[in-house]
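User: I'm new to protein structures and would like to learn how to read one. Could you take me through an example, one feature at a time?

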Amino acid sequence: MAVNNTKLAAVADAENPAVTCCDVDDSESSIDFAGRANWLRAAVLGANDGLVSTASLMLGVSAVKPEARAMVVSGFAGLLAGACSMAIGEYVSVCSQRDVEIAQLDQAGKRGGDEEKELPSPAQAAAASALAFSVGALLPLLAAGFIAGYNVRVAVVVVVATLALAAFGCVGAVLGRAPVARSCARVVVGGLAAMAVTFGFMRLFRASGV
């Protein structure tokens, strides 16, 4: 008799699965966390781009003109140009993506519904991309802005950039669930290679007197 009651209870549970508030909350929180993680990962990548490009530009200019003013001005120009470029590129990219998704909603007859409201905003994406790039670019600028000696200034920029690249690589690895050590090494080596190539190539101009 007890066995029959157990079987009947199992059948009833299978036909009428209970939906608890905790299950819904966990699902919604996991979806929300995934979305935030993607935004944070994109911000880390944008900051990494700003750091590498600006530090490389500053080191390249310093290889030809060792004055602190030339180095800082070139870095600030790189920050402005890079932030504008990132914002415009992200705006155009998200607009194109939005147009495609809206066309799909039109075909499905879902235009004007919740699906359209959940589409990404081009303006927000552009602002976030420009802000992330600017934050990364500010690090080498602040590192070089208060140091007069040429050799010390270059060394500080390289050290600060290396530490920041390691931090960005660590955060990106955690968000992407990748091996932290390998990710950090890849980001640091890539950034140092970009800075070394830029500095070395521009050094040839100084040596040739151009």
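Analyst: Gladly! Let's start with one residue: Val-197 lies in helix H7, where helices (H or I, at least four residues) and strands (E, at least two) are DSSP runs, numbered from the N terminus. This is a predicted model, in which local features need pLDDT of at least 70 and side-chain atom pairs count only at pLDDT 80 or more, while totals for chains, interfaces and linings use all residues. Residues are numbered from 1 along each chain as its sequence is written, and side-chain values use heavy atoms, with hydrogens and water left out.

User: Is Val-197 buried or exposed?

Analyst: The idea is to ask how much of a residue a probe can reach: buried means under 20% relative accessible area, exposed over 50%, and partly exposed in between (1.4 Å probe, protein chains only). Val-197 has a relative accessible area of 58%, so Val-197 is exposed. The C-alpha atoms of Val-197 and Ser-56 are separated by 8.4 Å, although these residues are 141 residues apart along the chain.

User: Which residues can I compare with that?

Analyst: Try Ala-63, in helix H2. Ala-63 is buried, because its relative accessible area is 0%. Contact means heavy atoms within 4.5 Å, and leaving aside neighbours within four places in sequence, Ala-63 is in contact with Tyr-150, Phe-199, Met-202, Arg-203 and Arg-206. Then look at Val-72 in helix H3, which counts as partly exposed at 27% relative accessibility. With neighbours within four places again set aside, Val-72 is in contact with Leu-141, Ala-144 and Gly-145.

User: How many helices and strands does the protein have?

Analyst: There are 7 helices and 0 strands, so reading from the N terminus gives α-α-α-α-α-α-α. Of the 210 residues, 29% count as buried. Among contacts with a separation of 6 or more, 74% are between residues 24 or more positions apart.

User: How do I check the length of a helix?

Analyst: Compare its ends with an expected span, which is 1.5 Å times one less than its number of residues. Helix H6 (residues 150-176) has 27 residues and should span 39 Å; its end C-alpha atoms are 38 Å apart, which agrees. For the 41 residues of H3, the expected span is 60 Å and the end C-alpha atoms are 59 Å apart, which agrees as well. Look also at what follows each helix: Arg-177, just after H6, takes a positive phi of about 55°, and Gly-109, which follows H3, has a positive phi near 70°.

User: Which residues of H6 are buried?

Analyst: Here is a useful idea first: an α-helix has 3.6 residues a turn, so residues three or four places apart point the same way. The buried residues of H6 include Arg-153, Val-157, Ala-161, Ala-164, Leu-165 and Phe-168. In H3, the buried residues include Met-71, Gly-75, Leu-79 and Ala-83.

User: What is a nonpolar core?

Analyst: A nonpolar core is a set of buried Ala, Val, Leu, Ile, Met, Phe, Trp, Tyr and Cys residues joined through side-chain atoms within 4.5 Å. The largest one here has 25 residues, and Leu-51, Leu-59, Met-71, Val-157, Leu-165, Phe-168 and Met-195 touch the most other members. Helix H2 (21-64), helix H3 (68-108), helix H5 (122-144), H6 and helix H7 (180-208) each give two or more residues to this core. H2 provides the largest share, 7 residues. Not counting residues up to four places away in sequence, Leu-165 touches Asn-48, Leu-51, Val-52, Val-187, Val-188, Gly-191, Leu-192 and Met-195.

User: How do I describe two helices that pass each other?

Analyst: Use their axes, which are lines fitted to C-alpha atoms, for helices over the stretch in contact, with angles from 0 to 180 degrees between N-to-C directions. Angles under 35 degrees count as roughly parallel, over 145 as roughly antiparallel, 65 to 115 as roughly perpendicular and the rest as oblique. The axes of H5 and H6 come within 9 Å and cross at roughly 150°, and H5 and H6 are therefore roughly antiparallel to each other. The contact is made by residues including Leu-139 and Pro-140 of H5 and Val-156 and Val-160 of H6.

User: And where do H3 and H5 stand?

Analyst: Their axes come within 8 Å and cross at roughly 160°, so H3 and H5 are also roughly antiparallel to each other. Ser-129, in helix H5, counts as buried at 10% relative accessibility. Not counting residues up to four places away in sequence, Ser-129 touches Met-86, Ala-87 and Glu-90.
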